[in-house]
Structure formats: C-alpha cells, structure tokens
Amino acid sequence: MKVQFDRVTKRFGSNAVLDEVSLEIEPGECVVLLGPSGCGKTTMLRLVAGLETPDSGRILIGDRIVNDVPPADRNVAMVFQNYALYPHLSVYENIAFPLIARRTAVDEIRRRVNDVASRLELASCLTRRPAQLSGGQQQRVALARAIVRNPVVYLMDEPLSNLDAQLRTQTRGELKRLQQVLGTTTIHVTHDQAEAMTLGHRVAILRAGRIEQFGAPLELYRRPINRFVAGFLGSPAINILPASLTSGEIVAAGARLRVPAGLRDALGRIQKFELGVRPEDVQLRVSPDPGAVEARVEILEAIGNETIVTMTSAGDRIVARAAADLPIEAGHPVWFRMDDAKAVFFDPASGTRIAP
Ligand code: ATP
C-alpha cells in the first residue's frame with residue numbers, strides 16, 4: 001500500500017523536529033530513511049504508526065488520511081532495535097501474540113505461526129524463551145511477530161543495529177530476501193549507509209528535519225545534490241578537494257583534469273570550487289606514469305581484499321582504494337590519477353553540487 005507524507009510538520013515544544021516533510025512511498029517499495037542522530041527518522045516512523053500526531057500536514061496510508069486514526073486501526077507493524085520481546089513467553093507465544101490479541105481462531109494462529117517460523121528458520125526454537133536465543137534469533141522472532149500479522153506496512157527502526165558485524169550482514173541479506181518474497185511496503189530507518197544502499201529501493205537522506213534528497217541508492221551515490229549527501233554515502237568517504245580552473249583545466253591536489261562540458265557555464269562567477277572524487281575513482285601506480293601525479297603515502301589500511309591508502313599531494317589529503325597486492329609502503333611516493341568522468345563539483349559556500 002502507498003504511504004504518503006504531505007507537508008508534515010512535527011514539533012516537540014518549540015522545536016520543529018520535522019519541517020514540512022513530503023515523501024511518497026509506492027506500494028511494495030522499501031524506502032530507507034538515512035541520516036545522523038536526531039534528524040527525525042524515528043519520528044517519521046512513529047507518525048505512520050500513529051504513536052505521534054503531526055502538528056500540520058497529512059499522513060496517508062493508501063488513500064486514507066490517518067492523522068486521527070488510532071494505531072490499532074492502521075494495520076502497520078513496527079520492528080524495534082531492542083526487539084521488545086516478552087521474556088516470560090515462549091517464542092511461539094511471542095510470535096502468536098498479535099493474533100491472540102485480535103482473537104484469531106486457534107487453528108489459524110497455529111498455521112500462521114508455523115508458516116512464518118519455518119520461513120525465518122525458527123521452527124526448532126518455538127518452545128524456548130527469548131533469553132535462550134542468540135541476538136540474531138531474537139531479532140528474527142521480532143520480525144516473525146511483525147510478519148505474522150500480515151500488515152499493510154512494515155516500519156523498521158534500526159532492526160539490525162544490536163547485532164554484531166557478521167550477523168548484521170547475514171540478517172540484512174535475510175531482510176532483503178523477505179522483502180522480495182513479501183512485497184510489502186516497508187519504511188526502514190538506519191544510520192548505516194551500507195544498510196541503506198543495499199536494502200532501499202529508494203533512500204531519503206534527512207538532515208535536521210528536512211529531506212535533503214530522495215532517490216535510488218546509486219543515483220544518490222553518483223549524483224548527490226550537495227556535499228552533505230555526498231559525504232553521507234560511501235565508506236571511506238568521498239574526497240572533497242579545493243579546486244580551480246587554470247589555463248583551461250581543473251586543478252586539484254596538484255592534478256589536472258579535463259573540464260567537463262558545461263561546467264564553465266554552471267560555475268558562473270565562482271572562481272574556486274570543490275571537487276569530489278570517490279576513493280574507488282582514484283587510480284594508483286607504483287611508478288611514474290604519464291598523466292599521473294606524484295603523492296606521498298601517509299597511511300595504509302589493509303582490509304584483506306583491498307587496501308585503503310591515504311596520501312598527500314600539494315598539501316591535500318586524498319584517500320584511494322587500491323588492490324591488496326599493490327606494492328606500496330607508507331612514507332614512499334605513489335602516483336595517482338583521478339577519473340574526471342566520475343568527479344562531482346560543489347559550491348564551497350553553500351555545499352550545493354554544481355551540475356554541468
Ligand atoms: P536516532 O538516530 O538518534 O534515533 P532520529 O533521527 O531517529 O535519531 P528522532 O528520534 O526522530 O531522531 O528525534 C528527532 C529529535 O526530536 C531529537 O532531537 C529528539 O531529541 C527529539 N524528540 C524525539 N521525541 C521527543 C519527545 N517525545 N519529546 C521531545 N523531544 C523529542
């Protein structure tokens with residue numbers, strides 16, 4: 001079902017936590033809300049759940065304005081970071097809980113709980129208590145309890161953030177698979193950019209109660225509307241370098257790049273600007289190479305499959321991703337080249353992207 005925020009403002013006291021936010025989520029779509037702590041992500045979920053009421057604007061689920069509809073009548077399911085399982089109930093009873101509360105027939109409850117438990121590989125732990133489960137299993141019980149209700153919308157509030165790194169990646173994959181199988185509209189809140197990129201059909205980047213940009217993950221990654229969005233997606237973060245136009249070329253960190261068509265017009269009277277280039281778009285060589293610029297290696301971080309290289313050139317610091325077997329050493333020179341087709345440009349004063 002479609003979910004819509006139409007110029008929604010929410011205040012706590014005099015503080016506008018959401019400021020005229022508009023967002024349209026298509027039926028079956030998974031939209032991720034991504035942004036720093038306190039930007040209003042959870043408040044958006046709570047507004048859809050009916051746990052908060054907007055001060056102005058409308059919230060729609062399907063064609064229905066739900067501003068005044070009580071939570072129990074919205075048929076949305078929320079999954080929290082801290083699972084919120086009932087410790088004294090068995091896994092079976094925890095999953096069945098929303099159905100029991102709605103007085104569903106016992107046979108129907110059994111059928112639905114067993115079905116969702118087998119889908120989430122929980123069939124063998126139905127008689128256990130939550131304390132007898134691992135963190136990943138507990139999170140799956142919380143998911144199962146949401147799924148068993150067959151809601152029209154899932155609201156996920158950082159459901160993976162309590163899991164350790166490995167389990168997080170695994171559960172993220174399971175969530176993705178479930179999403180594909182269930183095809184139910186989902187709003188997923190996180191401050192983990194990798195989670196946002198992998199789970200969201202579209203991602204909304206929030207800052208201080210406003211949506212900075214809303215679009216497909218790779219659209220945001222490649223064509224960020226401003227420096228904030230560019231910096232929020234990608235790890236290691238995009239390099240932002242001071243740049244200028246000199247003798248018909250872009251000069252940044254001692255390197256010279258071709259001026260893309262239209263950039264000169266887009267720059268207008270801006271003389272000095274910023275160049276953004278992602279670490280994977282900086283190529284390294286271990287020996288002098290025509291067109292490559294010499295830099296000095298400062299830090300090497302070997303991750304196994306690749307090495308993150310921090311280097312300096314003309315007083316600027318640049319981070320690059322390099323093949324794990326590239327023979328480079330800290331304190332030694334390296335030669336780099338930036339992919340001018342992938343570079344983006346920003347107005348240093350406003351942070352807005354200058355699009356050629
Ligand atoms: P986080 O990632 O830290 O969970 P968030 O983006 O989900 O952050 P919200 O929980 O939506 O942020 O909170 C947004 C702002 O509103 C914060 O500054 C928070 O302190 C404030 N806030 C949230 N709930 C209330 C409340 N009930 N009363 C007063 N202020 C609140």
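Strand β3, residues 30-34, is joined to strand β8, residues 185-190, by five bridges, and the two run parallel. One position to find on the screen is Cys 30, which stands opposite Thr 186 in β8. Before going on, I should say that this is a predicted model.

Where do β3 and β8 sit in their sheet? The sheet is open, has six strands, and follows the order β6-β7-β8-β3-β9-β10. In that order β8 and β3 stand side by side, and the pairing across the sheet is mixed. At the edges are β6, residues 76-79, and β10, residues 210-215, each of which pairs on one side only. From one strand to the next, the twist averages 15 degrees.

A general point for those new to sheets: strands pair through backbone hydrogen bonds, and they can do so either parallel or antiparallel.

Now the helices. Helix α4 lies across β6 and β7, the latter being residues 153-157. Its direction is at about 175 degrees to β6.

Which way does α4 run relative to helix α5? Helix α4 covers residues 135-147 and α5 covers residues 165-182; they pack at an angle of about 20 degrees, with axes 11 Å apart. That angle makes α4 roughly parallel to α5. Their crossing is right-handed. On the α4 side, the residues that meet α5 are Gly 135, Gly 136, Arg 140, Leu 143 and Ile 147. On the α5 side they are Leu 167, Glu 174, Leu 175, Leu 178 and Leu 182. Sorted by class, this contact has six nonpolar, two polar and two charged residues.

Helix α4 also packs with helix α2, residues 91-101. Here the angle is about 30 degrees and the axes are 7 Å apart. The two helices, α2 and α4, are therefore roughly parallel to each other. The crossing of α2 and α4 is right-handed. From α2, the contact uses Val 91, Asn 94, Ile 95 and Pro 98, and from α4 it uses Val 141, Ala 144 and Arg 145. What classes do these residues fall into? The contact of α2 with α4 divides into five nonpolar, one polar and one charged.

Next, the hairpins. Strand β1, residues 3-12, and strand β2, residues 15-25, run antiparallel and are joined by seven bridges. Gln 4 stands opposite Glu 24 in β2. Two residues lie between the strands of this hairpin, and Gly 13 takes a positive phi near 65 degrees.

The other hairpin I want to show is made by β11 and β12, again with two residues between the strands. In its turn, Ser 247 has a positive phi of about 45 degrees. Strand β11 is joined to β12, residues 249-252, by four bridges, in antiparallel fashion. Thr 246 stands opposite Glu 249 in β12.

Strand β11, residues 239-246, has a further partner in β14, residues 272-277. Six bridges join β11 to β14, and these strands run antiparallel. Asn 239 stands opposite Val 277 in β14.

Strand β14 brings us to the aromatic residues. How many aromatic pairs does the structure hold? There are three. In one of them, Phe 273 and Phe 345 are edge-to-face, at 5.9 Å centre to centre and with 70 degrees between the planes. Phe 273 is in β14 and Phe 345 is in strand β20, residues 344-346; the two residues are 72 apart, and the pair links distant parts of the chain.

The last item is another open sheet, with five strands in the order β15-β19-β16-β17-β18 and antiparallel pairing. What is special about β15 and β18? These strands, residues 282-285 and 316-323, stand at the edges with a single partner each, so one side of each has no neighbour in the sheet. Ignoring direction, neighbouring strands of this sheet are turned by 45 degrees against each other on average.

Within this sheet, six bridges join β16, residues 293-302, to β17, residues 306-313, and the two run antiparallel. The bridge partner of Arg 296 is Thr 312 in β17.

One general remark to take back to the screen: in a regular strand, side chains alternate between the two faces of the sheet.

How values were computed. Residues numbered from 1 in each chain as written. Predicted model: local features only at pLDDT ≥ 70, side-chain atom pairs only at ≥ 80, totals over all residues. Heavy atoms only, no water. Axes fitted to C-alpha atoms, helices over the stretch in contact; angles between N-to-C directions. Parallel < 35°, antiparallel > 145°, perpendicular 65-115°, else oblique. Left-handed = near helix turned anticlockwise from the far one by under 90°. Contact = heavy atoms within 4.5 Å. Nonpolar A, V, L, I, M, F, W, Y, C, P; charged D, E, K, R; others polar. Pairing = 2+ DSSP bridges. Phe/Tyr/Trp six-rings, centres within 6.5 Å; stacked < 30°, edge-to-face > 60°.
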